[in-house]
Amino acid sequence: MTDLILDRERMPLHVAVIMDGNGRWAKKKGLPRLAGHNAGMKAMKKIVDHSDKLGIKYLTVYAFSTENWKRSLAEVTGIFKLLVTYVNSDLKELVENNVRVKVLGDYSSLPADAVRSLERTLKETENNTGLQFNIALNYGGRDEIRRAVEAIGEKIRRGDMEPGDVTEEAIGEELFTGRLHDGFSPDPELIIRTSGEMRLSNFLLWQGAYSELVFSDVLWPDFTPEEYERAIAEYQSRDRRFGGR
């Protein structure tokens, strides 16, 4: 394990991760892209486990975006099969570790077996009180904001809300992260992106307004708990002023 010493009093409450680089990892090794996604699932499991050990309360991972449907049918189908395998094989462990799973995004359009596996996991972990593991599936930040605006517009149309009532809090309540078990899921203090890319790619656009961004050159399948702690240490080294001095 890393020789870094993290300040347990300054751990981020909510960490979000853009898990990038599965395809490039596979290409470097002369393997099919799905082998990279399979390795990425294993890396994700380690980060979920390590987040729980570190006392992080919320972990959100960007698993499948609204734009990922543009990929080949074989790759998309393979990703969802891997998701089903992960959920089914690890459900017992998630329950035993008191992890609660939530989904951000409209997962209803996923393949039927994936929907069934997800709904079983959501049901069996709904009363857990430990780490909340948010999986962003068929998720896009702009789509999330559009849905929130649409919901607020419908409230105004019905007369349940006045235009002057549209506050940041009211918008936040209509986001996917505003519908979690204890009211608001707090905005992520830290967003990590792997593989050397330096952009948000339509991820948590509203919630990430004041998040610290840490970019790692490591491809996601090689992103170990040690690398995770390095990213948290980088977060802890920063002075968060939220626009103040």
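Phenylalanine 215 is in strand β6, and I will start there. Before going further: what you have in front of you is a predicted model.

How exposed is phenylalanine 215? The relative accessible area of phenylalanine 215 is 33%, so this residue is classed as partly exposed; the buried class ends at 20% and the exposed class begins over 50%. On the surface, Phe215 belongs to a nonpolar patch together with Met198 and Leu213. The accessible area of those three residues together is about 280 Å². Across from phenylalanine 215, in the pairing of strands, stands arginine 193. That brings in strand β5, residues 190–193, which pairs with β6 in the parallel sense over 4 bridges.

Now the sheet as a whole. Which order do the strands take? Reading across, the order is β3-β4-β2-β1-β5-β6. The sheet is open, has 6 strands, and its pairing is parallel. At the edges are β3, residues 100–104, and β6, residues 212–215, each of which pairs on one side only. From one strand to the next, the twist averages 20°. As a reminder, strands of a sheet pair through backbone hydrogen bonds, and the pairing can be parallel or antiparallel.

Next, strand β1. How many residues of β1 are buried? The count is 5 of the 5, so β1 is largely enclosed by the rest of the structure. The side chains split by direction: His14, Ala16 and Ile18 point one way, while Val15 and Val17 point the other way. Residues on both sides are buried.

β1 has a partner on either side in the strand order. With β2, β1 pairs in the parallel sense over 5 bridges. Two places in that pairing can be picked out on the model: isoleucine 18 has tyrosine 62 of β2 as its bridge partner, and alanine 16 stands opposite threonine 60 in β2. With β5, β1 pairs in the parallel sense over 4 bridges. There, alanine 16 comes up again, with isoleucine 191 of β5 as its bridge partner.

Moving over to β2. Of its residues, 7 of the 8 are buried, so β2 is also largely enclosed by the rest of the structure. β2 runs parallel to β4, and 7 bridges join them. Tyrosine 62 stands opposite alanine 136 in β4.

One residue of β2 is worth a stop: threonine 60 lies in this strand. Why is threonine 60 counted as buried? Its relative accessibility is 0%, and buried means under 20%, so threonine 60 falls in that class. Which residues does threonine 60 touch, leaving aside neighbours within four places in sequence? From β1, the contacts of threonine 60 include His14, Val15, Ala16 and Val17. Further contacts of threonine 60 are Leu104, Asn134, Phe203 and Leu204.

Now the helices that lie across the strands. Helix α2, residues 33–54, lies across β2 (58–65) and β4 (132–139). The direction of α2 is at about 160° to β2. Helix α7, residues 225–236, lies across β1, β2, β5 and β6. The angle between α7 and β5 is about 135°.

Then the loop between β5 and β6, where two residues have backbone angles to look at. Serine 195 is in that loop, and so is asparagine 202. Serine 195 has a positive phi of about 80°, although it is not a glycine. Asparagine 202 has a positive phi too, of about 70°, and is not a glycine either. Are these two residues buried or exposed? Serine 195 is buried, with a relative accessible area of 8%. Asparagine 202 is buried as well, at 14%.

Last, a residue from another part of the model. Leucine 73 has its place in helix α3, residues 73–96. Is leucine 73 buried or exposed? Leucine 73 has a relative accessibility of 69%, so it counts as exposed, the cut-off being over 50%. Between the C-alpha atoms of leucine 73 and aspartate 143 the separation is 22 Å, and the two residues are 70 residues apart along the chain.

To go back over the main points: the sheet is open, with 6 strands in parallel pairing. β1 is buried at 5 of its 5 residues, and β2 at 7 of its 8. At one edge, β6 carries phenylalanine 215, which is partly exposed.

Conventions:
Residues are numbered from 1 along each chain as its sequence is written. Side-chain values use heavy atoms; hydrogens and water are left out. Two strands pair if DSSP finds at least two bridges between them. Axes are lines fitted to C-alpha atoms, for helices over the stretch in contact, and angles run from 0 to 180 degrees between N-to-C directions. Contact means heavy atoms within 4.5 Å. Patches are made of residues with over 30% relative accessible area and no salt bridge: like charges are joined within 9 Å, nonpolar side chains (Val, Leu, Ile, Met, Phe, Trp, Tyr) within 5 Å. Accessible areas come from the Shrake-Rupley method with a 1.4 Å probe; for residues, only the protein chains shown count as cover. A salt bridge is a side-chain nitrogen of Lys or Arg within 4 Å of a carboxyl oxygen of Asp or Glu. Buried means under 20% relative accessible area, exposed over 50%, partly exposed in between (1.4 Å probe, protein chains only).
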